[in-house]
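Thank you all for making time this morning. I would like to walk you through one structure, going slowly enough that you can find each residue for yourselves as I mention it.

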Amino acid sequence: MALDIGSRIVELRGTADLSQEGLANELGLSRQAVSRWERGEALPDTENLIALADLFGVTLDELVRPKAAVETDDEVASGNEAEAEEPEMPDEFDPESEASDAPEATPEPEATPGPEATIPPPRPVWMKALLLVAALASLALSALFVANVVTYAYHTIFPSPSEEYVAPPVIVDGSQVTSIDVMWRAGEVEVVPTVDDENGGDVLIQAFGADPTWKLENGRLQVTCDHEEDYGEVTIFVMVPPDVALNLQELSLEASDGASGFFSSIACDKIYVYESNGFVQVDNCEAAELDIRATAGTVLLAGSFEHMAIDAKSTAEVNYAADTTQEMPKALDVRLSESSLNLTVPKSAGLTLTDKGDAHYFDTNLSLVYGEDGAVYGTGETKVSVEADANSHVSIMGDE
């Protein structure tokens with residue numbers, strides 16, 4: 001049944017010239033929900049069935065039943081109507097003259113059952129089996145409809161954090177963790193410290209919509225979530241005790257296929273971010289070394305870093321906002337290829353910018369003194385080295 005409805009939705013969506021995302025927007029749902037209907041993994045609830053029927057201009061019967069069955073019913077109905085029609089009379093037929101010529105009819109006596117009465121033959125076995133199958137199919141459809149209504153009511157009264165699968169929590173001894181590696185495709189990942197050691201010093205991994213794999217080897221905790229986007233909406237939380245979050249050696253993040261990640265209040269020696277067509281935000285973090293490799297995505301950086309290396313290409317965008325209460329990086333090495341870098345620095349900061357390429361520069365609220373090899377602002381303590389092509393842009397804005 002789920003496959004029949006899914007096939008009908010695919011057929012009607014194609015007739016209406018709608019994509020999965022377009023249909024989802026019309027219904028106010030996610031594209032993943034429409035995808036699960038069409039694959040037969042889930043059924044629309046009553047409200048969505050009515051909305052689909054109205055949108056496609058069909059009845060509920062035409063939506064939930066196979067097209068062949070609906071056409072057969074229409075043909076049977078047409079046949080019955082044809083049989084019920086009165087036969088056409090010849091043009092020469094005169095009811096009055098025919099009635100006068102015909103002998104007077106005498107009423108027939110009512111038939112009484114007797115030993116010679118004709119008994120209809122019993123129905124064949126195949127007809128009985130067909131009627132039984134039809135009755136069971138009708139009962140199954142009714143049960144499925146009731147189950148769908150009950151499920152919708154339950155999720156309305158008791159909403160869960162995610163409509164997808166909730167994985168069992170993973171607990172790792174925090175005293176054994178010195179570095180964290182996170183690799184994921186699609187979905188969202190958050191690495192944040194817990195509050196007041198609420199997990200008793202353990203690292204907690206909680207996932208919705210997927211089963212991430214993990215291993216702890218030589219102090220390095222590796223968390224991997226490799227799945228297709230159509231698997232569903234995925235969210236993974238890696239909650240780190242405060243004493244671990246502030247004393248990590250390395251934090252390595254690798255996102256791809258439109259994945260997004262949020263990482264906050266982490267202090268460590270090195271932070272590595274490898275992003276491909278995704279979105280990564282590193283907020284209020286501290287590290288002696290920050291290495292960013294971005295391809296066709298967006299990276300937001302905020303915090304205190306001594307040395308920063310940024311390599312962006314293929315329309316990637318990197319945004320760095322220096323903390324006005326902390327020191328500027330000592331060095332910032334930038335390589336851009338058809339990408340952009342947006343720097344927000346305190347107006348009290350000093351930087352020396354060396355240009356080794358053909359980037360386009362914009363500055364706001366800063367009086368950069370441009371020379372032959374670049375520009376100098378203030379004391380020039382922060383060394384900014386830029387190597388970029390002519391299709392790249394560098395924007396520097398002064399903040400109070």
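I will go through the nonpolar cores, then the aromatic pairs, then the salt bridges, and at the end two loop residues.

Please keep in mind throughout that what you have in front of you is a predicted model, and that every value I quote is computed from it.

Let me start with the inside of the protein. The largest nonpolar core has 63 residues, and the ones with the most contacts inside that core are W184, I271, L301 and F305. If you ask which element supplies the largest share of this core, it is strand 11, residues 279-295, which contributes seven residues. Apart from this core there lies another one, made up of 15 residues, and among them are A53, V58, L63 and V64.

I would like to stay for a moment with I271, as one of the residues with the most contacts in the largest core. What does I271 touch, once we leave aside its neighbours within four places in sequence? Its partners are L251, C285, E286, A287, E289, L290, D291 and F305, so you will notice acidic residues in that list as well as nonpolar ones. One of those partners, D291, deserves a closer look. D291 has its place in strand 11, and with a relative accessible area of 10% it is buried, because the limit for that word is under 20%. Seen from its own side, and again without the neighbours within four places in sequence, D291 is in contact with I271, Y272, V273 and A309.

Y272 brings me to the aromatic rings. How many aromatic pairs are there? The count comes to three, and I will describe two pairs. In one of them Y272 and Y274 are stacked, with 6.4 Å from centre to centre and 10° between the planes. The two tyrosines are not equally covered, for Y272 is buried at 15% relative accessibility, whereas Y274, at 31%, is partly exposed. In the other pair that I want to show, the ring centres of F305 and Y320 are 6.2 Å apart and the planes stand at 55°, so this pair is tilted. F305 lies in strand 12, residues 298-313, and Y320 in strand 13, residues 317-322, so the pair ties together parts that are 15 residues apart in sequence. Both F305 and Y320 are buried, and F305, as you will recall, is also among the residues with the most contacts in the largest core.

Now to the charged side chains. A search of the whole structure finds six salt bridges, and I have chosen three to go through with you.

The one at R8 is formed with E11, and the closest N and O atoms are 3.2 Å apart. Both residues belong to helix 1, residues 2-15, where being three residues apart means that they are separated by about one helical turn. Is R8 buried or exposed? R8 is buried, with a relative accessible area of 8%, while its partner E11 is partly exposed at 33%.

R39 and E41 form another salt bridge, with 2.9 Å between the closest N and O atoms. Here R39 is partly exposed, at 33% relative accessibility, and E41 is exposed, with a relative accessible area of 54%.

The remaining one on my list joins R220 to D181, with the closest N and O atoms 2.8 Å apart. R220 lies in strand 6, residues 220-225, and D181 in strand 2, residues 179-185, so that this pair ties together parts that are 39 residues apart in sequence. R220 is partly exposed at 24% relative accessibility, whereas D181 counts as buried at 10%. These residues are also part of something wider, in that D181, R220 and E250 are linked in a network of salt bridges.

Finally, a word on the backbone at two places. S265 has a phi near 55°, which is a positive value in a residue other than glycine. S265 sits in the loop between strand 9, residues 260-264, and strand 10, residues 267-276, and with a relative accessible area of 25% it is partly exposed. E338 likewise has a phi near 55°, again a positive value in a residue other than glycine. Where does E338 lie? It is found in the loop between strand 14, residues 331-337, and strand 15, residues 340-346, and at 41% relative accessibility it counts as partly exposed.

That is where I will stop, and I am happy to go back to any of these residues on the screen.

Notes: Residues are numbered from 1 along each chain as its sequence is written. This is a predicted model: local features need pLDDT of at least 70, side-chain atom pairs count only at pLDDT 80 or more; totals for chains, interfaces and linings use all residues. Side-chain values use heavy atoms; hydrogens and water are left out. A nonpolar core is a set of buried Ala, Val, Leu, Ile, Met, Phe, Trp, Tyr and Cys residues joined through side-chain atoms within 4.5 Å. Buried means under 20% relative accessible area, exposed over 50%, partly exposed in between (1.4 Å probe, protein chains only). Helices (H or I, at least four residues) and strands (E, at least two) are DSSP runs, numbered from the N terminus. Contact means heavy atoms within 4.5 Å. Rings of Phe, Tyr and Trp (its six-membered ring) pair if their centres lie within 6.5 Å; planes under 30 degrees apart count as stacked, over 60 as edge-to-face and the rest as tilted. A salt bridge is a side-chain nitrogen of Lys or Arg within 4 Å of a carboxyl oxygen of Asp or Glu.
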